[in-house]
Amino acid sequence: MAKIVIIDDSRMMRTVLRRILEKGGHEVVDWEPMSAAEIMEKVTAENPDLLISDYQMPGANGATVVKMARKAKPGIKVIVFTALRDEEVVALLGRVEADAVLTKPAHEESLLDAVKTILERDGRA
């Protein structure tokens with residue numbers, strides 16, 4: 001299956017996402033939030049197939065994560081989770097071409113469906 005990196009400032013959220021994704025057969029690495037420059041370094045070092053990020057974090061928001069991850073690895077697939085029900089945030093994530101925007105709390109079925117759809121579109125499922 002795919003190698004997936006999770007970036008979230010909540011240890012609990014990283015744990016929940018990790019369990020769901022590992023149950024789905026994926027290799028999972030989780031990171032605490034970092035600066036934009038560190039995102040590029042980590043993506044280059046880990047070479048994930050998919051990155052899942054929280055939107056609102058110290059150091060970088062989800063839109064910045066998408067941009068920095070793609071600078072490090074063009075074409076990387078990115079899902080952004082947000083607790084915000086804000087059309088402007090969704091529009092911003094659309095402009096930076098996030099592959100999916102999901103709302104918190106994480107639901108196992110919707111997360112695994114989104115991951116499967118994105119990876120199939122990329123030929124990695």
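This passage describes the sheet, a helix that lies across it, and the nonpolar cores of a predicted model.

A good place to begin is the sheet. Five strands make up an open sheet with parallel pairing, and their order is E2-E1-E3-E4-E5. Strand E2 (27-31) and strand E5 (100-103) are the edge strands, each pairing on one side only. On average, and with direction ignored, neighbouring strands of this sheet are turned by 20 degrees against each other. Within the sheet, strand E1 (residues 3-7) runs parallel to strand E3 (residues 50-54), and four bridges join the two. Here Ile-6 of the model is found opposite Ile-52 in E3. Helix H2 (residues 36-46) lies across E1, E2 and E3, and its direction is at about 160 degrees to E2.

Turning to the nonpolar cores, the largest one has 23 residues, and Trp-31, Leu-51 and Leu-93 have the most contacts inside it. Two or more residues of this core come from each of E1, E2, H2, helix H3 (62-72), strand E4 (77-82) and helix H4 (87-95). Of these elements, H3 gives the most, with five residues. Leu-93 is worth a closer look on the structure above: with its neighbours within four places in sequence left aside, Leu-93 is in contact with Tyr-55, Gly-62, Ala-63, Val-80, Ala-98 and Val-101.

A second core of 20 residues is separate from the largest one, and among its members are Val-28, Leu-50, Ile-52 and Ala-100. Ile-52, the residue opposite Ile-6, thus reappears here as part of the second core.

Definitions and conventions
Residues numbered from 1 in each chain as written. Predicted model: local features only at pLDDT ≥ 70, side-chain atom pairs only at ≥ 80, totals over all residues. Heavy atoms only, no water. Pairing = 2+ DSSP bridges. Axes fitted to C-alpha atoms, helices over the stretch in contact; angles between N-to-C directions. Contact = heavy atoms within 4.5 Å. Core = buried A, V, L, I, M, F, W, Y, C linked by side-chain atoms within 4.5 Å. Buried < 20%, exposed > 50% of the residue type's maximum accessible area, 1.4 Å probe, protein only.
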